[in-house]
Amino acid sequence: MALAHELEREQGKPSLVDLGVQFCRDLRAKGDAAKGQPADKAFRDSLYEDT
């Protein structure tokens, strides 16, 4: 009975894929593409500059 209970409990949880997809959807909903900046070469190069 304990094993059956644990199996039911585990099957009721969302999969890691479902959690990841939901996370991405939530981020997209919070973001505003109009306010975003392009990730061009200058931006990527600035990430690796030593200051």
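**View 1. Leu 47 on the surface of helix 3.** In this predicted model, Leu 47 is exposed, at 54% relative accessible area (exposed is over 50%, buried under 20% and partly exposed in between, with a 1.4 Å probe and protein chains only). The residue belongs to helix 3, which covers residues 41-47 (helices are DSSP runs of H or I with at least four residues, strands runs of E with at least two, numbered from the N terminus). Residue numbers start from 1 along each chain as its sequence is written, side-chain values rest on heavy atoms without hydrogens or water, and local features require pLDDT of at least 70, side-chain atom pairs 80 or more, while totals for chains, interfaces and linings include all residues.

**View 2. Asp 40 in the loop between helix 2 and helix 3.** Asp 40 is partly exposed, with a relative accessibility of 38%. Its side chain reaches the backbone nitrogen of Phe 43 at 3.1 Å. Between the C-alpha atoms of Asp 40 and Leu 16 the distance is 31 Å, for a sequence separation of 24 residues.

**View 3. The chain as a whole.** The elements follow the order α-α-α from the N terminus, with 3 helices and 0 strands in the chain. The C-alpha trace spans about 60 × 30 × 15 Å along its principal axes. Of the 51 residues, 0% count as buried.

**View 4. Confidence along the chain.** The average pLDDT (the predictor's confidence in each residue, from 0 to 100) is 90, and 98% of the residues score at least 70. Helix 2, residues 16-30, has the highest mean among the elements, 95, and helix 3 the lowest, 90.

How values were computed
Polar contact = N/O pair within 3.5 Å; in protein donor to acceptor, adjacent residues only side chain to side chain.
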